[in-house]
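Good morning, colleagues. Please turn to the model on the screen, and I shall take you through its main elements in turn.

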Amino acid sequence: LAVSGFTTIRGFSPSRPALHRGCPSYHPRSASSSSLGMSYYKDLAERLPSKVVIDAVEQNRGGNIIASDVAAKAGVSISQARKDLTALASIAQGDIAVSSEGELIYSFPDDLRNSMSSNSLKFKTARVLEKIWPGLFYAIRVSFGLALVSSLVIVFSTIFFISGGGGSDDDRDDRRRDDRRRGFGGGIGFGYDPFWGPSPFDFFYYRPYYGYYSTPGFERRDPDEMGFFESVFSYVFGDGNPNNGFEEKRLRLAANLIRENNGAVTAEQLAPFCDDAPEPNLDDESAYVDENFVLPIVALLNGEPRVSEDGDIVYVFPELQMSAVQPGNIDESILLERVGLGPSASASEIKGLLNSNGISTRGAFHKSDLLAILENVLPPEEGSEQGQMLQEKSYDFSVAPEGKKFLAGALGLVNLGGALYLGKIMSAYGSMGVTLPGYFGLVQAGYPLLLSYALLYNIIPFVRGQWIKSENEKITKRNRIRRLWRATLEASIGRLSKKLKAASKEGTKLKQLGSSSDDIIYDSRNSIEQNQLKKETDSLSDFDRKLGS
């Protein structure tokens, strides 16, 4: 997109024309089925911005924002920030202005999510799924425990049937009467039983949402509350990645560090945020350091390498040194993260947290007021290390309670032993061409599935345990190297000190965009006539300045 007579706008290639608030675009639709089908296809194909970008824009509370601001707040690349902002402006009917630097400045409605829901069926559907998915996933977790119990019942009931010689009709009638008295599964029923207690539901007590799953709507709960059914899923498949959101956190911390250093840093300053950084070696100042480990961060944040007068490489990030966010705005995501609240915490949640700690919220009527109180009462971070240190969490084999985890493993082995023994019996019947009657005939036909389930139930945790051991060793090593680089930077001696000084000379102050109307050359909120008049006025003013000089 280019504005006649002005700078070409960087990074703006919308999939459809930007919508102007109050001026909805007209999309003619015929009543034909092909037209309706194409409309539904467009709704499905619509690109939604990522959740972290939506959260970052929402935290800005309707103020101006540009791609570099989103990258620093959400922890995404500048390229992704531009694409997501374009999609967001199209869906939420946001406004776009163009600065004299050619940078797009976005502004959005205060009720961003409601605006997106009213304009996008796909986003509205995603919000509904976001609400129902935790309950659905909980049911999936519980179903794995039910599958284990079902497999045990099927395997051993079949073994008992075959071991009893197949049973006569009278025997089967007696067993049916016994089953009705004792409950389903030969005593493991819904009545009193000495092993299971007055009610098996007292034992199979469960509550949802454990582990490290990043799906929206999940809450971290106490693992001791996990019931047996969920413990089975946790034992077999684990509890998700404990480092969900790690990449976003990496880029967010790196971007904030770069801005704190006026847009110019060295590889050593970025090393605590990288995975493949070597151990620091300052004993030999002539040693060559391969700086390839910083290239992913440099590329994602549109950095540029420069060579200092002493021959050292300094990385500058000119785009991160532009911002449309007004100075003094609270970085809501970091603030809420420090007190254990989610990035989208409501005003009532913040107020409840403050009141529970004996902090008065009198006179605070808006979320911004509560955030200001929260920022004032929080103690400063010790040496700012918490805001700068990047550390990975180790994987747990399972967060289930030890007793239930042991029981899940033991029953899995019992199930495997029973399946193997049943297979031996089945092979004898199969060699004689005998087919078991009724329900047990179905078990005979589905035996390969029972055996596969029993094998996978035990193989998956074993393989996963070996992988976790290897991965935790790598995490420990990476965390140790990050801490070494942190200590090295704090010492800042010798050649490193000279290199840091050279980087500081390359830095530039943060440039505020959109702070005045003179900085805006185009604004979608204005009519064509207003933009044309501003263009002419700016041209005359520029001519007068040149004439005066």
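A helix here is a DSSP run of H or I with at least four residues, and helices are numbered from the N terminus. With that wording in place, I begin with helix 9, which is followed by Gly238, a residue whose phi is positive, near 80°. I should say at once that this is a predicted model.

How many of the 10 residues of helix 9 are buried? The count is 9 of the 10 residues in this helix, which spans residues 228-237, so helix 9 is largely enclosed by the rest of the structure. The buried residues include the aromatic side chains Phe228, Phe229, Phe233 and Tyr235. Glu230, Ser231 and Ser234 are also among the buried residues of helix 9, as are Val232 and Val236.

Let me now give the overall figures. The protein chain contains 21 helices and 8 strands. It has 549 residues, of which 42% count as buried. Among contacts with a separation of 6 or more, 71% are made by residues 24 or more positions apart. The exposed area of the protein chain comes to about 29,900 Å², and carbon and sulfur atoms supply 57% of that area.

I turn to the sheets. One open sheet has 3 strands in the order 2-1-8, with antiparallel pairing. Strand 2 and strand 8, the latter at residues 520-523, are the edge strands, and each pairs on one side only. On average, neighbouring strands of this sheet are turned by 25° against each other, direction ignored.

Within that sheet, strand 1 (residues 95-99) is joined to strand 2 by 4 bridges, and the two run antiparallel. They form a hairpin with 4 residues between them, and Gly102 in the turn has a positive phi of about 85°. Val98 stands opposite Leu104 in strand 2. Which residues of strand 2 point the same way as each other? Leu104 and Tyr106 point one way, Ile105 and Ser107 point the other way, and all are buried. Towards strand 8, strand 1 pairs in the antiparallel sense over 3 bridges, and Ser99 has Ile520 as its bridge partner there.

A further open sheet is formed by 3 strands in the order 3-5-4, again with antiparallel pairing. Strand 3 (264-265) and strand 4 (304-307) stand at the edges with a single partner strand each, so one side of each is left without a neighbour in the sheet. Strand 3 pairs with strand 5 (residues 313-316) over 2 bridges in the antiparallel sense, and Ala264 stands opposite Val316 in strand 5. Helix 20, at residues 495-506, lies across strand 3, strand 4 and strand 5, and runs at about 35° to strand 5.

Finally, the surface. Leu455, Ile459, Phe462 and Val463 make a nonpolar surface patch of about 380 Å². Where does Ile459 lie? Its place is in helix 19, which covers residues 447-491. Why can Ile459 belong to such a patch? A patch residue needs over 30% relative accessible area, and Ile459 is partly exposed at 44%, so it passes that cut-off. As for the spacing of such positions, an α-helix has 3.6 residues a turn, so residues three or four places apart point the same way.

Thank you for your attention.

Technical notes:
Residues numbered from 1 in each chain as written. Predicted model: local features only at pLDDT ≥ 70, side-chain atom pairs only at ≥ 80, totals over all residues. Heavy atoms only, no water. Patch = residues over 30% accessible without salt bridge, like charges linked within 9 Å, V, L, I, M, F, W, Y side chains within 5 Å. Areas by Shrake-Rupley, 256 points an atom, 1.4 Å probe, with all protein chains shown as cover. Salt bridge = Lys/Arg side-chain N within 4 Å of Asp/Glu carboxyl O. Buried < 20%, exposed > 50% of the residue type's maximum accessible area, 1.4 Å probe, protein only. Pairing = 2+ DSSP bridges. Contact = heavy atoms within 4.5 Å. Axes fitted to C-alpha atoms, helices over the stretch in contact; angles between N-to-C directions.
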